[in-house]
Amino acid sequence: MRVAYPVSFENGIYALPAELRIKHGLSLLRALISSSGEKPRNLREWIINTFGEEVAKDHLIPYNEKIRKRPLEQISADWAYIPGRLPLPSLEDIVKAIAGLPTVGYREQAVFHYPRKGGIVEQWKAAYRRAEELGVKFLQMEVREVKKVGSEFLINGVVKADKVISTLPLREAPAIFGLSEESFSATERLDYNSVVVVGVGLNGPAPKQHWIYVPDRRVPFHRYAWISNYGEDLPPNKSALIAEITVPPSERVDVDALKHETVRWLMELGIVREKDIAVVAAWFHKYGYPIYTLTHSKDVQTIEGKLREAEVITFGRWGNWQYWNTDKIFEMAQKSLPWS
Ligand SMILES: Cc1cc2nc3c(=O)[nH]c(=O)nc-3n(C[C@H](O)[C@H](O)[C@H](O)COP(=O)(O)OP(=O)(O)OC[C@H]3O[C@@H](n4cnc5c(N)ncnc54)[C@H](O)[C@@H]3O)c2cc1C
């Protein structure tokens, strides 16, 4: 069954048939009433405590197992548990959803704005142009070594800098910055999933949808998005979607096989028709999603501490090894980095 999914699960409940509204509504209500406020030991416990057994079993556990590809008992709930980090169901919204009335929930995430032309990357292109105007030089080289020489940094043996703000993945930082043994063992414990993105260009319009979560374990992708609805770049009768498949670092990736499997499932689910497909492509991203192991926050603190001692500022989704999205990164870059 497909349900409108305005970010928070509970806001999609109103669209379900009455029996399921009651089942999932009761699940949320029971969880809310019996909440002890105690910190959950792992992600599985957080899901069950927050959303109740039925919502957990029917949706959130299969979805999370699928995207994370790890037993949820081995994943820390730190990220999800931070108060205010995620929208949580309110009593009023749950009751309305059971009655079959639409709810908005977390307003910050109910409406999204995208650049009309060029897509979300235009935001970063504008930031890039602004940085250039302010005198930032983009070196376009892979950083392999950073050494402190006197009060300066020497990058790759050729570029001098008086300050370093690093966005490179924390896992790679100890080798590049020459950190101690302790940071090497902490980085080895940092876990992540890679992601394969399959893009499909279609002849024909897109439905009025943005992104859709797919908890069904048989289907390889956990989410697909009609990216042609995120701007006005395509002519009216063309559309494009992307689907994402996570891959743990221990697994061999066959991008081509995943591409074919994804297209097969998109057709099987009636999302695309073979005759409309104009182009298919797939991309592999080594770093897709950080995984919150049970030692995550201690390990991150250890490496960040060593980098602080080396006077390096580490920043970003991979620079801080946190499950942060574009909005959070943009806001933090504006507010917390020392720009002068
Ligand atoms: C498949 C996928 C789907 C996503 N979906 C969403 C979404 O729906 N919504 C959302 O808000 N966010 C989404 N994100 C996350 C979003 O892309 C990130 O949160 C955001 O880009 C993080 O910004 P960042 O600057 O921290 O890291 P990045 O954008 O990863 O930037 C880090 C930069 O450091 C550079 N770098 C790394 N190592 C080196 C080196 N040794 N030398 C030189 N340069 C180096 C990289 O090339 C990169 O340019 C998604 C990410 C992926 C991969």
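**Notebook: the ligand shell and the overall fold**

I looked up which element gives the most to the shell around the ligand, and found that α10 does so, with three residues. I note at the outset that this is a predicted model.

I then listed the residues around the ligand. There are 17 of them, and those that come nearest are Val-143, Leu-168, Gly-316, Asn-325 and Thr-326. I next checked which elements give two or more residues to this shell, and recorded β5 (191–203), β9 (277–291) and α10 (326–336).

I sorted the shell by class. I obtained seven nonpolar residues, six polar ones and four charged ones.

I also asked from which domains the shell draws at least three residues each. I found two entries: domain 2, which covers 121–178 + 297–336, and domain 3, which covers 191–291.

I turned to the protein as a whole. I recorded ten helices and ten strands. I took the extent of the C-alpha trace along its principal axes, and noted spans of about 70 × 55 × 40 Å.

I compared the radius of gyration with what a compact globule would have. For 340 residues that value would be near 20 Å, and the protein has 22 Å, so I entered the two as in agreement.

I looked up burial, and noted that 27% of the 340 residues count as buried.

Finally, I examined contacts between residues at least 6 apart in sequence. Among these contacts, I found that 67% join residues at least 24 apart.

Definitions and conventions:
Residues are numbered from 1 along each chain as its sequence is written. This is a predicted model: local features need pLDDT of at least 70, side-chain atom pairs count only at pLDDT 80 or more; totals for chains, interfaces and linings use all residues. A residue is near a molecule or strand if its C-beta atom, placed from the backbone, lies within 6 Å of it. Helices (H or I, at least four residues) and strands (E, at least two) are DSSP runs, numbered from the N terminus. Ala, Val, Leu, Ile, Met, Phe, Trp, Tyr, Cys and Pro count as nonpolar, Asp, Glu, Lys and Arg as charged, and the others, Gly among them, as polar. Domain bounds come from an automatic or database domain assignment. The radius of gyration is taken over C-alpha atoms; the globule rule is 2.2 Å times the number of residues to the power 0.38. A residue is buried if 20 or more other C-beta atoms lie within 10 Å of its own, exposed if 12 or fewer, and partly exposed in between; C-beta atoms are placed from the backbone. Two residues are in contact if their C-beta atoms, placed from the backbone, lie within 7 Å.
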